[in-house]
Amino acid sequence: MKESIDKSEHPDDVPGYCYNRELFYGFDKERGFTRELSYQNQSNQVIIRQSWDALEKRLEQLQEVVISGKVSPIVYYMEKMLMELPMLSAYMGLNRLRVRWHMTPAGFRRLKPSMLERYARLFEITVEELKKPGFMNK
Amino acid sequence: MVKLDYEHRQAGHCESGVTSNLLNYYHFQISEPMVFGIGAGLFFSHLPFLKMQHAPTTSFRVWPGMVFNRSTRALGITTSNHRFRNPKDAMNRLNEVLDQGIPVGLQVGTFNLPFFPPEYRMHYNMHNMVVYGYDKETYFVSDTLMEPVVEISYEDLARVRFAKGPFAPQGKMYYPVSIPAQVDLKPAIIKGIRKTASNMIGVPFPLIGVKGIRYLSAKMRQWEKKHGPDTASYYLGQVLRMEEEVGTAGAGFRYIYGAFLNESADILNQSWLREISLEMGENANKWREFSYLGSRNCKKRGKPEQSYDFLADMLLDVADREEKVFSKLAKIK
């Protein structure tokens, strides 16, 4: 069994995920096909981390767009939950045009409390955080 | 309370692992690679127009559900498959089947699976797991990704069974119903191999199979020029995540397929298959090398370490290898 990954390297190389071993198949000429329980290897940890870093970057850019008043906070939280319009519409049980309207500041301002609550619950936040995301207090 | 004597075993690929484990419950022994091979699970496609999380979709396996359906059908095993309109019906039916002493395979979305590693939290709706019991509102789960067995609440289970998005599960549940007394693996293996060979070299569409690997290679060379270094790195990362991260048992299922060919050589008593399995093993190592070197272009800091031309050449190499292997496999009798 492989040991857990060495954490003494540069922070960018430190793995974020090492608490559940997975089953990996392998091959070499001496042993043939192998099966091994181990943590995700270093290079896999890097590619996992990349998608989260990319999300963080997209969210930073979206914060500016929300602050500028061009879109509503729904656009930000939708991205944060890794959703796109069709999925968000499906989860909300609303048609896409209606959700697109909610994504505009004008549409968002007119949302009833019950609808705000539904969005907040889906985004796993409070209504207050939905109406005024923390990054708008900067 | 219902808690069936179900053996939890980890697997490299959830659907193949669930199939193998469900059959094991009925004392029908079949390995995960054998399920995968008979189910003709190996595939390749690269679809730049279909984006997931802002990057093109690359797939190393066939449509979800096909491995279970094809493998059980090829083995003469009858199964039950249900989808539901609403969570209440889906959960009632689940309890009814569990009450009959039958462990149940479920297709679920992973985004709201409470026990799933947070690093994997994405809207992946093709995940498979088994529920083998319940105690009031708590369900006992065997998830082949996880080391231990786990538990999930009624509410969370209903939610993941009805996750939305591409390949939405719609409450899908499935389980074997009857297994013949005698099962002949030989014709099932041959059929499965022919199907995979056909998928990989017989489809006259440039984005699929070996052609698809070459297509990806050509596209990869243009990424930096067309989209800039950051997007090129992200697109590459997406290919590698599909290859290594989403439960492929490593190297985009190529290791597991090699293990299947190796096992098949004994069952069919055809030693040339062993040679092919070794070629597949080497091919898998090349895919692994590609992901290892490619990952060095996906780090947060520093410039890309490998040119995309170099990586694209590696893809051409594996395409050639797979073309050779599947051309030989297509002729199997």
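## Surface and charge of chain B

In this predicted model, chain B exposes about 13,300 Å², and carbon and sulfur atoms supply 52% of that area. The charged side chains of chain B number 41 positive and 34 negative, and the centres of these two sets lie 7 Å apart.

## Overall build of chain B

The secondary structure of chain B comes to 11 helices and nine strands. With a radius of gyration of 20 Å, close to the 20 Å that the globule rule gives for 333 residues, chain B is therefore as compact as a globular protein of that length. Taken along the principal axes, the box filled by its C-alpha atoms is roughly 60 × 50 × 30 Å.

Of the 333 residues in chain B, 59% are buried. When the contacts in chain B with a separation of 6 or more are considered, residues 24 or more positions apart account for 70% of them.

## Overall build of chain A

Chain A has seven helices and two strands, and from the N terminus on its elements run β-β-α-α-α-α-α-α-α, with both strands placed ahead of the helices. The exposed area of chain A is about 7,700 Å², of which carbon and sulfur atoms supply 52%.

Among the 138 residues of chain A, 49% count as buried. As for its contacts between residues at least 6 apart in sequence, 48% join residues that are at least 24 apart.

## The interface between the chains

The size of an interface is often given as the accessible area lost when the parts come together. Chain A and chain B bury about 4,200 Å² between them, and 54% of this lies on carbon and sulfur atoms. On the chain A side, the residues that lose the most area to chain B are Tyr25(A), Phe27(A) and Phe33(A), which together make up 18% of what that side buries. In terms of residues, the contact takes 40 from chain A and 49 from chain B.

## Two residues with positive phi

Leu82(A) has a phi near 60°, a positive value in a residue other than glycine. Its place is in the loop of chain A that lies between helix H2, residues 73-80, and helix H3, residues 85-92. The relative accessible area of Leu82(A) is 11%, and because this falls under the 20% limit, Leu82(A) counts as buried.

In chain B, Phe253(B) likewise is a residue other than glycine with a positive phi, here near 70°. Phe253(B) is found in the loop between H8 and helix H9, the latter covering residues 254-268 of chain B. Phe253(B) is buried, with a relative accessible area of 2%.

## A strand residue and a helix residue in chain B

Ser80(B) belongs to strand E4, which covers residues 78-82 of chain B, and its relative accessibility of 12% is why this residue counts as buried. Leaving aside its neighbours within four places in sequence, Ser80(B) is in contact with Met173(B), Tyr174(B), Tyr175(B) and Val177(B). From Ser80(B) to Trp272(B) the distance is 37 Å, C-alpha to C-alpha, and the two residues are 192 residues apart in sequence.

Asp230(B) lies in helix H8, which covers residues 229-245 of chain B. The relative accessibility of Asp230(B) is 53%, and because exposed means over 50%, this residue counts as exposed. Asp230(B) and Phe140(B) are 90 residues apart in sequence, and their C-alpha atoms are 43 Å apart in space.

## A helix residue in chain A

Arg118(A) is found in helix H6, made up of residues 113-123 of chain A. At 34% relative accessibility, a value between the limits of 20% and 50%, Arg118(A) counts as partly exposed. Once its neighbours within four places in sequence are set aside, the residues in contact with Arg118(A) are Met92(A), Gly93(A) and Leu94(A). One of these, Met92(A), is 26 residues from Arg118(A) along the chain, and the C-alpha atoms of the pair are separated by 7.6 Å. Met92(A) falls within the residue range 85-92 of helix H3, so the contact of Arg118(A) with Met92(A) joins a residue of helix H6 to a residue of helix H3 under the run-based definition of helices.

Key
Residues numbered from 1 in each chain as written. Chains lettered and ligands numbered in written order. Predicted model: local features only at pLDDT ≥ 70, side-chain atom pairs only at ≥ 80, totals over all residues. Heavy atoms only, no water. Helix = DSSP H or I, 4+ residues; strand = E, 2+ residues; numbered from the N terminus. Rg over C-alpha atoms; globule rule 2.2 N^0.38 Å. Buried < 20%, exposed > 50% of the residue type's maximum accessible area, 1.4 Å probe, protein only. Contact = heavy atoms within 4.5 Å. Areas by Shrake-Rupley, 256 points an atom, 1.4 Å probe, with all protein chains shown as cover. Lys, Arg positive; Asp, Glu negative; His and termini not counted. Charge placed at Lys NZ, Arg CZ, Asp CG, Glu CD. Buried area = accessible area lost by both parts, 1.4 Å probe.
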